[in-house]
Amino acid sequence: MTGIVARGVLFDMDGVLISTDGAIRALWTEIGRPLGIRISDRDFYQHILGCAPERTVSTLFGELSESVRADVMATVRTREPQLGYEQIPGAVELVMALSAAGAAIALVTGASAVRAGAVLDAMGIRDAFDALVTWGDVRVGKPAPDCYLLAARRLGLAPERCVAVEDATIGVRSAVNAGMPCIGVGADKGLFDAGAEFVVDTLSAVRCQRRPSGVELVAR
């Protein structure tokens, strides 16, 4: 399989480096239940997974009063940093291999800076990241390209010299809209349709190799 050669690798966090789907869904379900809002599978995949909380509140809680929506956001801000997670196999190994190969690495996530930093510290890979883009760093979240464009600027690279790694269709579209290729991770059949160059089950299925023009990433 032909690989993707890039100088920068931009990772989403939830669903790519760590597994948090259950915790995120439980949080929004608990918030929505007393307000009479039921979180369906469609809601989760279209309006929660990979989305900034502001987008979720706007789409799923939009009919509620402004004060109730503000309370929802306050609850999310309080509880989000403590979300439970499990490391996804191969994540640490790929990040460290890319760092050793000389790639510039960024995190592009809708998670708060507090949670993102805590996760990277716990995984022992904080020093491998040259830039972080987290919740609140851009005005418009995914699928807008803003977060990926900002990450590329922080790495000092043109978007086309970067590759994104995403698990959600909304994230793939964000990267593609920013003008960069994207590797899809996970079982979402929509990743290819959203524009992913190739899709793997986990990062254990990706290997990297130094090239004269950057680092090549290919599926094993």
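**Exercise 1.** In which helix is Asp 43 found? Establish also its surroundings and its charge partners.

*Solution.* The structure is a predicted model, in which local features need pLDDT of at least 70 and side-chain atom pairs count only at pLDDT 80 or more, while totals for chains, interfaces and linings use all residues. Residues are numbered from 1 along each chain as its sequence is written, and side-chain values use heavy atoms, with hydrogens and water left out.

Step 1. Asp 43 belongs to helix α2, residues 41–48. Helices (H or I, at least four residues) and strands (E, at least two) are DSSP runs, numbered from the N terminus.

Step 2. Contact means heavy atoms within 4.5 Å. Leaving aside neighbours within four places in sequence, Asp 43 touches Arg 38, Ile 48 and Leu 60.

Step 3. Asp 43 is buried but has no salt bridge. Buried means under 20% relative accessible area, exposed over 50%, and partly exposed in between (1.4 Å probe, protein chains only). A salt bridge requires a side-chain nitrogen of Lys or Arg within 4 Å of a carboxyl oxygen of Asp or Glu. The nearest side chain of opposite charge to Asp 43 is Arg 42, 4.7 Å away. Here Lys and Arg count as positive and Asp and Glu as negative; His and the chain ends are not counted.

**Exercise 2.** Describe the salt bridge between Asp 14 and Arg 115.

*Solution.* Step 1. The N to O distance of this pair is 3.0 Å.

Step 2. Asp 14 lies in the loop between β2 (8–11) and β3 (18–19), and Arg 115 in helix α6 (residues 113–123), so the pair ties together parts that are 101 residues apart in sequence.

Step 3. Asp 14 and Arg 115 are both buried.

**Exercise 3.** Which residues are joined with Lys 142 into one salt-bridge network?

*Solution.* Step 1. Lys 142 forms a salt bridge with Glu 166, their closest N and O atoms being 2.6 Å apart.

Step 2. Lys 142 sits in the loop between β6 (131–133) and α7 (146–155), and Glu 166 in strand β7, 24 residues apart.

Step 3. Lys 142 counts as buried because its relative accessibility is 7%; Glu 166, at 1%, is buried as well.

Step 4. Salt bridges that share partners join Asp 12, Lys 142 and Glu 166 into one network.

**Exercise 4.** Is Val 165 buried or exposed?

*Solution.* Step 1. Val 165 is located in strand β7, residues 162–166.

Step 2. Its relative accessibility is 2%, so Val 165 counts as buried.
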